[in-house]
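Work through these short exercises with the model open beside you. Try each task before you read its solution.

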Amino acid sequence: MADEIATTDPSTTPTEELDQLVIRFAGDSGDGMQLAGSRFTDASALFGNDLATLPSFPAEIRAPAGTLPGVSSFQVQIADFDILTAGDAPDCLVAMNPAALMKNFADLRQGGTLIVNTDAFDERNLAKAGYETNPLEDESLQGYRVIKVPMDELTKEAVKETGVTGRNVLRSKNFFALGLMAWLFHRPTQPTIEWVEKKFSKLPEVAAANKAAFQAGYTFGVATEATKNTFEVKPAALEEGTYTNVNGNTALAWGLIAASQKANLPLFYGTYPITPASDILHELSRHKNFGVRTFQAEDEIAGVGSAIGAAFAGNLAVTASSGPGIALKSESISLCFMLELPMIVINVQRGGPSTGLPTKPEQSDLLFSLYGRHGESPIPVLAIATPSEAFMTAIEAARIAIRYMTPVLLLSDNQIANGSEPWLLPDVDAIAPIEVSFATKANGPDGTFLPYMRNIDTFARPWAVPGTPGLEHRIGGLEKESVSGNVSYDPVNHQLMTDTRAWKVANIANDVPHLEVDGDEDADILVLGWGSTFGSIRAAARKVRLDGRKVATTHLRHLNPLPNNLGDVLRSYEKILIPEMNTGQLLKVIRAEFLIDAVGLNKVAGEPFKVTEITDKIMEMIK
Amino acid sequence: MTAPSYTRADFQTDQEVRWCPGCGDYTILASVQMFLAGLGRPREEFVFVSGIGCSSRFPYYMNTYGMHSIHGRAPAIATGLATARPDLSVWVITGDGDGLSIGGNHLIHALRRNVNLKIILFNNQIYGLTKGQYSPTSEVGKSTKSSPFGSVDFPFNPVSLALGAEATFVARTLDMDRNHTQEMLEKAYEHEGSAFIEVYQNCNVFNDKAFIQLTGKDERVHNRIDLEHGKPIVFDEGSKAVVLRGGEAEVVDSSSVDPKAILVHDESRPDPSVAFALSRLSHGPYGPTPLGIFRNVKRDAYDISVNAQVEAAREKLGPGDLNKLIRSHGTWTVSPSSPNGSTKGSSNGGSSD
């Protein structure tokens, strides 16, 4: 029962109040660090802190135990004010084994708190991690607050009455660590207990073991007064309203469902499993009662192909992948552009090329998204900036796709996909409907139907779905005669159709909100970003302003077409800095489109920018 | 209410048909149009999806809904279409290059899923639109532009392939036998799930007379084995018969066996192995070759099952509620009256991982 758990601290350990705190759980990929981190996060979210998370895990499901490649970690920053990133350096590191310590210790803030599982520091594990001497016994941890805990032993002791046996005993170790962290940082325990009870309702022994280990970790803190003081981060004074903690993949899946409801069209999701996009499929496949049909195809091409078929059929059609899979879909995206059918193509970017870094973020598919198709096929490209923003961006992508009868590419990345943040829930009833008008009547002379007769405002062609009497027509990849849609190889017609398709997409700029500038409009420098660098850029700008310097920032959500006022915005600043997790792709676009000598700050290290990296660059440019 | 009556002309478009004069595709087009006219169903119910190749121009000539798509991908596109709209009759037109080479993967997966698609594979054993290279059904040793010393590729037997993918309906017909073609189309239409029809189709420009042993006046009587459900398999005016020996199908002189030993064709046999054995009687249109329905069995159709799951979810959970969905992971509320501007929320026990 939940109330058996101690939730107050009877010890005399004093409490220190912090305004922000960065925690990192690190261990073997089998140690359950993602789970511990996300439980700590949810408890903090429900407590009312602002937060941002950064999970990091290997591409292998279970890399050899105890090795450096097998280390999985989860970082979360919590604060009593609105924060923008998961933090540069942890204040507290939990290291479940020597490899986790080896890989993460350098990031720990000077003088920070280190919690180690001493039971894992045997000769074998030390050797696997590359330690010649035991860092717990030499002087390498001097200057840090180290809490040594024999977690294996204490977990075994804690769960021995619960009925779990064998390998399951030590599986609860992450809950021991979580319990200790709950004590150390005054986290509410109830949400974790409730979660365990629900999650393992069919495995009562596992639930009991996890609760016992959690309790033991908490009690260990109380009983040993493990540190000279504990810490507390008060709730943040966030904007009024109801919040939930959400990651980007979930918000994106919910956004697609919302778009389907707003358009009153069934959602069809055709895809092939790929990291880090698969969780969108997992989430959508649970919500069939919303009329969602998910199709796990035989390959990436079938995923997009099925979506094109569903689009022709009159569904809200979506396909998703990551870079390598999008490459396979490229030919089909061009077909869809030629057919002029609405479809959303999601690219959850990861480190490339090829299989690259499947579980790490990168923004290296921008030029590929803009230009990576055969023929002249400029399609609209949108980019999500933060996890919760994925919800509204998915709706925006659907609106553009349907209104303009075009495939739309929606860019996310691994940081957005798996990172989470509090989301001020929108009033979904107030979200404007997406207008859909299927053709029902002939639009040509003598009752003929002209599938490429265009809307005078949007230049979109009519969407006539099979089953509609009298509108039987053929579409295809061959060039079509304007208006009639019949196959045409006429040179003048091909020029006209190429120009028309390009113009149709370029015209969407008139439907794209103007870019807004944040910060000092009279600054000398503007930092321009897109995608998941949003938090790091805004946090860096804040820091620069705290130092009394001026800086402006702006962030692109629409990469094609670009907002109409972008040129004017860029020309209002003496210096333009473009930080990107690639080798300078938006930079090339900006230089090519506007002949502006912008400066790039580029990083492809499989991890987001640290705030200080951007701050340093800004300061260097304005000194 | 009387069923509307249609003629072949109702299913013809105003587009000029651009196959080579004398191509077998003309005959197949006529057979399909005549079959649809006879069916009496409205045009808007039908969608023809094709890939790339000579055969794939087919949808442009059908006055129904249609899509001429990408090389090999028609079964994938049609799967999305059929799954989204089980009310439609979705047909895939493909060829030996389109369906068995670049699109082989989509074909076998559509068949194993048993999506409600009617797949007509025009097999002319050659690449026509790219002007005469050997195809995945060309015979070993075939001399073509890309195999001047003879092809060394071992060919597919499309019927064996479809049976191997456990297709629930598998048939073979001949372009110039319109009656037989229409009979196969009708049975395919009636079948719930994927139906696969291989049509031997003559390419008079790059591979003329490839099927002469089944079409030639003198040859066909000796080689054409018509499979008829429930009947003993005999051909060549009754002089030849098919028997099963050690799991393999064999052609024997009828007079040499007890009539009871002659294999009685059972297209509804759940196990595909006998149908497969029949498909091995010839590896191509050389010598005695079976035509007709090899297999016709019931299995849940993919699109029906998918939509049944959607309905079941709606019945169990009710129609989706967006407000509930975005609150399903637990929420908390921030209000101005609460200390430090916040009140604690409650966990609904959801998870964010």
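Two strands pair if DSSP finds at least two bridges between them. Keep that cut-off at hand. Remember too that this is a predicted model.

**Exercise 1.** Find how many bridges join strand β17 of chain A to strand β2 of chain B, and decide whether the strands run parallel or antiparallel.

*Solution.*
- Step 1. Locate the strands: β17 covers residues 474-476 of chain A, and β2 covers residues 65-68 of chain B.
- Step 2. Count the bridges. There are 3, and the strands run parallel.
- Step 3. Apply the cut-off of at least two bridges. With 3 bridges, β17(A) and β2(B) pair.
- Step 4. Check one bridge: A:G476 has B:H68 as its partner in β2(B).

**Exercise 2.** State which strands are the edge strands of the open sheet that contains β17(A) and β2(B).

*Solution.*
- Step 1. Write the order of the 9 strands: β17(A)-β2(B)-β1(B)-β3(B)-β4(B)-β6(B)-β5(B)-β11(B)-β7(B). The pairing is mixed.
- Step 2. Read off the edges. They are β17 of chain A and β7 (224-227) of chain B, each pairing on one side only.
- Step 3. Look at the turn between neighbours: 20° on average, direction ignored.
- Step 4. Zoom in on β1 (residues 46-50) and β3 (residues 89-95) of chain B. They pair in the parallel sense over 5 bridges. Within this pair, B:V49 is bridged to B:V92.
- Step 5. Add the helix. α2(B) packs on the sheet and touches β1, β2, β3 and β4 (117-123) of chain B. Its direction makes about 180° with that of β3(B).

**Exercise 3.** Explain why β11 and β21 of chain A each have one side without a neighbour in their sheet.

*Solution.*
- Step 1. Set out the 7 strands of this open sheet in chain A: β11-β10-β12-β13-β15-β14-β21.
- Step 2. Find the ends. β11 (292-296) and β21 (558-560) of chain A stand at the edges with a single partner strand each, so one side of each is left without a neighbour in the sheet.
- Step 3. Note a helix from the other chain. α2 (residues 74-84) of chain B lies across β10 and β11 of chain A, at about 155° to β11(A).

**Exercise 4.** Describe the contact between the chains: how many residues does each chain give?

*Solution.*
- Step 1. Count by chain: 75 residues from chain A and 63 residues from chain B.
- Step 2. Find the top contributor on the side of chain A. Helix α11 (residues 300-313) gives the most, with 10 residues.
- Step 3. Sort that side by class: 35 nonpolar, 26 polar and 14 charged residues.
- Step 4. Check the predictor's scores. The complex has an ipTM of 0.95 and a pTM of 0.93.

Notes: Residues are numbered from 1 along each chain as its sequence is written. Chains are lettered from A and ligands numbered from 1 in the order in which they are written. This is a predicted model: local features need pLDDT of at least 70, side-chain atom pairs count only at pLDDT 80 or more; totals for chains, interfaces and linings use all residues. Two residues are in contact if their C-beta atoms, placed from the backbone, lie within 7 Å. Helices (H or I, at least four residues) and strands (E, at least two) are DSSP runs, numbered from the N terminus. Ala, Val, Leu, Ile, Met, Phe, Trp, Tyr, Cys and Pro count as nonpolar, Asp, Glu, Lys and Arg as charged, and the others, Gly among them, as polar. Axes are lines fitted to C-alpha atoms, for helices over the stretch in contact, and angles run from 0 to 180 degrees between N-to-C directions.
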